[in-house]
Amino acid sequence: MRVLAAMSGGVDSAVAAALAAEAGHEVVGVHMALSRNRDQFRTGSRGCCSIEDAGDARRAADVLGIPYYVWDLSETFEETVVADFLSEYSAGRTPNPCVRCNEHIKFTALLDKATALGFDAVATGHYARIEHGPDGPELHRSPNDAKDQSYVLAVMGPDRLGRSLFPLGHFATKDEVRAEAERRGLSVSAKPDSYDICFVADGDTSGFLRDRLGEQPGDVVDTDGTVVGEHRGAYAYTIGQRKGLGLGRPAADGKPRYVVDVDTTSNTVVVGPSELLTVDRIDAGQAIWLVDAPSDWADVTVQVRAHGRAVPAQVRATSDDGDPAMEVRLGEPLRGIASGQSIVVYRGTQVLGQGTVAGARREGASAAVTSAAVPTAAAAHA
């Protein structure tokens, strides 16, 4: 096949490109320039897609003997991933930019452009497996539990899954990948992994939001509407947050308080006891299924954070004003589920589908936790 290898400048994508070439494919390397700041450099192991990374990717391509190009996708990245990040926080939700990057950049903009240029598939350095089942390609977890990225790949959908290659799918440890890179003479073999949000290279997400959205002072209130503190912008708070609340008075019972609601309409952050964070029902919209959507309750496991623990659940496909959605009954309660998070559905190691959390609640509770628990408290304060 003609394969376009996405080369970030890290060790994973370099080894993935090498393995694709070794498998006999005609491989071309491409680095996606995602930052509008052409002078951006890495800060330690934070961030990615910097000038340094582009240089590392080029050197890896030279060692592998494959053509190499840089594609400027910074405008698309800003208009999709960064814009979604800001709008979701502005609306009081908790986005996952890695999911949106895979959706809009790596498996839409990149893959669609590759297809238009005559490539058969895109190869990336993601840790996940593609198995060929009776109904077509299946997305599975990586055997490397610590690095598994199936959670952020579930959004790609079945069509794009069929045009993707994950050459690192069989590696059980990162050390094995680094050893492969060293054996092939790739200078990135010891390069540290990037982490945090790539476009917030210094790791200060709150500062990034303030720079883009401005300071928006408001009240922090208890569930009865009593003002207990002030904030500089409700967008900087997430459901389940405990630290950095700056509360002026302790709770009457002396117990810790957590963010239980972010009401951007009144610019109010609501705090309350930990029990308000526990949910066992989740509704999710924007559902994407990699298998036939289950019309009746199906036994599955679900995961609500990229490196979270999968828990037993039941799921069924629903509709939200005609758009695909899902309803989830958790087999064990979870805490701190926020609107905007991705929920991914598994059967064993296989990814069945994913959705975006719209709300969560406790069975029999009088109000939802993530979306409606406390507009009532905010209203009482107003």
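**Exercise 1.** Which glycine follows H3, and what is the sign of its phi?

*Solution.* The model is predicted. The residue to find is glycine 92, which comes after H3. Its phi is positive, near 85°.

**Exercise 2.** Describe helix H3: where is the kink centred, which residues are buried, and what covers them?

*Solution.*
Step 1. H3 takes in residues 74–90 and has a kink of about 35°, centred on alanine 83.
Step 2. The buried residues of H3 are Ser74, Phe77, Glu78, Val81, Val82, Phe85, Leu86, Glu88 and Tyr89.
Step 3. To read such a list, recall that an α-helix has 3.6 residues a turn, so residues three or four places apart point the same way.
Step 4. The cover over the buried residues of H3 includes two strands, S2 (26–33) and S3 (68–72), and two helices, H4 (97–116) and H8 (205–213).

**Exercise 3.** How are H3 and H4 packed: roughly parallel or roughly antiparallel?

*Solution.*
Step 1. Two packed helices are described by the angle between their axes and the distance between the axes.
Step 2. For H3 and H4, the axes come within 9 Å and the crossing angle is roughly 160°.
Step 3. Angles over 145 degrees count as roughly antiparallel, and H3 and H4 are therefore roughly antiparallel to each other.
Step 4. The crossing of H3 past H4 is right-handed.
Step 5. On the H3 side the contact involves Thr76, Phe77, Thr80, Val81, Asp84 and Phe85; on the H4 side it involves Pro97, Arg100, Cys101, His104, Ile105 and Ala109.

**Exercise 4.** Which residues does the UniProt annotation "active site" cover, and where do they lie?

*Solution.*
Step 1. In an unreviewed UniProt entry, the "active site" annotation covers Cys101 and Cys198. They span 98 residues in sequence, yet no two of their C-alpha atoms are more than 10.3 Å apart, so they gather at one spot.
Step 2. Cysteine 101 belongs to helix H4, whereas cysteine 198 sits in the loop between helix H7 (174–183) and H8.
Step 3. The cut-off for buried is under 20% relative accessible area; cysteine 101 has 8% relative accessibility and therefore counts as buried.
Step 4. Leaving aside residues up to four places away in sequence, cysteine 101 touches Phe77, Val81 and Lys106. Of these, Phe77 and Val81 are among the buried residues of H3.

**Exercise 5.** What is the strand content of residues 281–357, and how far apart are the end C-alpha atoms?

*Solution.*
Step 1. The unreviewed UniProt entry annotates residues 281–357 as "domain: tRNA-specific 2-thiouridylase MnmA-like C-terminal".
Step 2. This span is 68% strand and 0% helix.
Step 3. Its end C-alpha atoms are 11 Å apart.

Methods
Residues numbered from 1 in each chain as written. Predicted model: local features only at pLDDT ≥ 70, side-chain atom pairs only at ≥ 80, totals over all residues. Heavy atoms only, no water. Bend = angle between axes of the 7 residues up to and from the residue. Helix = DSSP H or I, 4+ residues; strand = E, 2+ residues; numbered from the N terminus. Buried < 20%, exposed > 50% of the residue type's maximum accessible area, 1.4 Å probe, protein only. Contact = heavy atoms within 4.5 Å. UniProt positions renumbered as here; feature names shortened; annotations may be inferred. Axes fitted to C-alpha atoms, helices over the stretch in contact; angles between N-to-C directions. Parallel < 35°, antiparallel > 145°, perpendicular 65-115°, else oblique. Left-handed = near helix turned anticlockwise from the far one by under 90°.
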